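Grab the structure and work through a few exercises on salt bridges, interfaces and cysteines. Try each task yourself before reading the solution.

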Amino acid sequence: MARICWLLVDRVSRTLEPDERDAVLGDFAESRVAAGQALRDLLGLVLRRQAALWTHWRPWVALLGVVVPFGILLSLVCRWWAESSATTFYLYANGWTWAYLESPGARLDLVRNGAGVILDCLALICWSWTSGFVLGSLSRRTLWVNRALFCLLLFGELLAVRHHHNPYNPLVWSLTFYSLMLPVLAPAVLVFLPSLSGMRNALRLTTLSPLQTMLWAVAIATLTGLAARDLEVSVMAALWPLRASWGLQLLPFAAVCPVGFMVATAKWRRWLGDATGSILILCIVTAIPVLAKTHTANVPGVVTDPRGKRVVNATVIARNRDTKIVYRTSSDKWGSYTFTSLPLGSYDLTVKAQGFKQVVRSNIELIVGATGQQDFSLKVDEAP
Amino acid sequence: MLGEFEYLLLCATARLGEDAYGAAIRHDIEHSTGRRCSLGALYTTLDRLEAKGLVETWMGGATPQRGGRSKRMVRVTAKGLRAAAAFCGTVVRASRGLSWETN
């Protein structure tokens with residue numbers, strides 16, 4: 001027990017300034033104080049020191065500007081990623097057949113799914129690393145409190161919302177790995193560890209060199225632009241009242257905020273002599289996701305039956321008439337569906353549901369930033 | 001005007017002279033008052049007194065009985081001596097003619 005207490009004393013004392021830590025541990029050694037007493041004394045000192053630190057603005061900015069928004073956002077995105085990727089993993093890992101490599105279409109699907117998973121993983125790692133770096137830069141001595149709160153928010157959603165956001169595919173959820181282990185492993189590996197690495201780097205470096213900052217900025221901006229659609233969908237899956245609201249359009253901006261901070265605080269003076277470089281790079285970083293967004297459009301809608309009741313789990317297919325690429329989604333328990341960030345162009349929309357006649361709406365033009373509502377009223381299929 | 005604990009800390013530091021540092025001050029306060037002195041109160045009060053310019057502190061040498069770790073040495077400044085004298089004088093004047101003995 002005493003060994004554990006001394007171990008805790010050693011760990012907790014690291015939150016103190018090096019000189020103070022030296023003096024306090026030296027006092028303990030000289031007084032030959034018992035381990036439990038030393039731990040109580042030390043906790044009292046650390047609490048007083050922390051309380052004093054929280055009277056400054058920096059830890060509060062870190063808490064309200066990074067921990068809360070990014071803890072929630074990354075938790076939701078990660079949960080969605082784990083649940084949506086589970087189906088893909090199940091399909092290829094548990095149900096592997098060489099037929100997946102036989103036809104060009106199946107091979108293209110395999111590559112597309114694999115690339116999607118890797119892209120989402122990279123985006124999550126980059127967002128988490130930069131969030132961790134900003135957190136470490138803003139709250140150095142209060143970092144352990146903010147880190148604990150970040151961790152709580154990250155894993156808290158798993159405890160608070162036990163059911164899957166994606167209730168379909170019960171076969172996948174019947175396996176412990178997909179229903180329990182993947183939702184825990186994903187935030188641990190893709191968010192927690194990279195953010196921890198970002199925090200450690202921030203404690204060592206405070207600011208990054210312009211070259212490192214630019215590399216991060218370009219990587220984050222590109223990944224955010226590419227993964228913007230997944231970002232929106234993940235939040236919509238968890239917070240359905242946000243569906244098709246303007247708030248979702250701002251999400252990509254939120255994801256680039258940490259790297260924006262890194263750009264603004266980089267050592268640009270040596271390079272450019274003033275702050276114009278920071279502003280320039282910041283503009284480029286925010287412009288890429290914006291440009292990516294302005295080349296897409298959202299298509300929300302509601303599927304109803306002849307009596308106006310919502311139709312659940314109807315399959316909605318959007319087929320781009322130029323590229324022939326097919327996008328699929330399904331209506332939820334409120335009969336609503338949304339295609340987010342569809343590339344601009346002309347589309348054919350098809351709606352299928354069991355017991356209803358198929359409906360096709362052709363030649364729907366999507367223009368920049370449009371949110372064209374496409375509601376469908378299905379007719380009952382009376383064919384034998 | 002000093003607080004009670006601030007005054008006790010200045011008294012202990014002045015009494016210890018060249019040997020005034022964290023553990024010794026704490027021991028002196030506990031010995032003279034018969035009460036426990038918490039580490040948190042000691043070091044945060046030292047910081048406050050230093051910020052007011054009443055004491056000055058510096059890191060001293062390491063000794064084997066401290067596991068090779070340094071001491072935080074403390075010295076009362078001239079301003080600190082004046083503040084302690086003023087506090088003591090106020091307490092003496094305020095207590096004049098009073099007896100706190102109980103039956």
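**Exercise 1. Find what kind of side-chain link joins Asp27(A) and Arg66(B), and say where the two residues sit.**

Step 1. In this predicted model, the side chains of Asp27(A) and Arg66(B) form a salt bridge, with N and O 2.8 Å apart. That passes the test, because the cut-off for a salt bridge is 4 Å.

Step 2. Now place the partners. Asp27(A) belongs to helix 2 of chain A, while Arg66(B) is in the loop between strand 1 (55–62) and strand 2 (70–76) of chain B, so this pair joins two chains.

Step 3. Check the burial. Both residues are buried: Asp27(A) has 3% relative accessibility, and Arg66(B) has 0%. Each counts as buried because the limit is under 20%.

Step 4. Look at what else is around Asp27(A). Setting aside neighbours within four places in sequence, Asp27(A) is in contact with Tyr21(B), Gly22(B), Ala23(B), Tyr43(B) and Arg66(B). With Tyr43(B), the side chain of Asp27(A) also makes a polar contact of 2.4 Å.

**Exercise 2. Is Glu30(A), another partner of Arg66(B), buried, partly exposed or exposed?**

Step 1. Start with the bridge: Glu30(A) and Arg66(B) form a salt bridge whose closest N and O atoms are 2.8 Å apart.

Step 2. Glu30(A) lies in helix 2 of chain A and Arg66(B) in the loop between strand 1 and strand 2 of chain B, so here too the pair joins two chains.

Step 3. Glu30(A) has a relative accessible area of 25%, so the label is partly exposed. Arg66(B), at 0%, counts as buried.

**Exercise 3. Describe the interface of chain A and chain B, and work out which helix of chain A supplies the largest share of its side.**

Step 1. Count the residues: 19 of chain A are in contact with 20 of chain B.

Step 2. Add the area. The two chains bury about 1,600 Å² between them, with 50% of it on carbon and sulfur atoms.

Step 3. Tally the polar links. There are six salt bridges across the interface, and twelve residue pairs are in polar contact.

Step 4. Trace the chain A side to its helices. Helix 2 (18–31) and helix 3 (35–53) each supply at least two residues. Helix 2 gives the largest share, twelve residues.

Step 5. Sort that side by class, and you get seven nonpolar, four polar and eight charged residues.

**Exercise 4. Explain how Arg79(A) and Glu83(A) are placed relative to each other in their helix.**

Step 1. Their side chains meet in a salt bridge, 3.1 Å from N to O.

Step 2. The two residues are four apart in helix 4 (residues 57–94) of chain A, which means about one helical turn separates them.

Step 3. Arg79(A) is buried at 4% relative accessibility, and Glu83(A) is buried as well, at 2%.

Step 4. For a salt-bridge network, look elsewhere: Glu20(A), Arg49(A), Asp47(B), Glu50(B) and Arg72(B) are joined into one by bridges that share partners. Over all chains, the structure holds 21 salt bridges.

**Exercise 5. How many disulfides does the structure hold, and how far is Cys78(A) from the nearest cysteine sulfur?**

Step 1. The count over all chains is zero.

Step 2. Cys78(A) is in no disulfide, and the nearest cysteine sulfur, on Cys121(A), is 8.6 Å away. That fails the test, because a disulfide needs sulfur atoms within 2.5 Å.

Step 3. Compare the surroundings of two cysteines. Cys78(A) is buried at 1% relative accessibility, whereas Cys151(A) is partly exposed at 23%.

**Exercise 6. Which residues does Gln50(A) touch, and which residue is 7.6 Å from Asp19(B)?**

Step 1. Gln50(A) is in helix 3 of chain A and counts as buried at 7% relative accessibility.

Step 2. Leaving out residues up to four places away in sequence, Gln50(A) touches Arg141(A), Thr142(A), Trp144(A) and Val145(A).

Step 3. Switch to chain B. Asp19(B) sits in the loop between helix 1 (4–16) and helix 2 (22–33), and is exposed with a relative accessible area of 52%.

Step 4. The residue asked for is Met73(B): it is 54 residues from Asp19(B) in sequence but 7.6 Å away in space, C-alpha to C-alpha.

How values were computed: Residues are numbered from 1 along each chain as its sequence is written. Chains are lettered from A and ligands numbered from 1 in the order in which they are written. This is a predicted model: local features need pLDDT of at least 70, side-chain atom pairs count only at pLDDT 80 or more; totals for chains, interfaces and linings use all residues. Side-chain values use heavy atoms; hydrogens and water are left out. Contact means heavy atoms within 4.5 Å. Buried area is the accessible area (1.4 Å probe) that two parts lose on being put together, summed over both. A polar contact is a pair of N or O atoms within 3.5 Å; within protein, one must be able to donate a hydrogen and the other to accept it, and residues adjacent in sequence count only if both atoms are side-chain atoms. Ala, Val, Leu, Ile, Met, Phe, Trp, Tyr, Cys and Pro count as nonpolar, Asp, Glu, Lys and Arg as charged, and the others, Gly among them, as polar. Buried means under 20% relative accessible area, exposed over 50%, partly exposed in between (1.4 Å probe, protein chains only).
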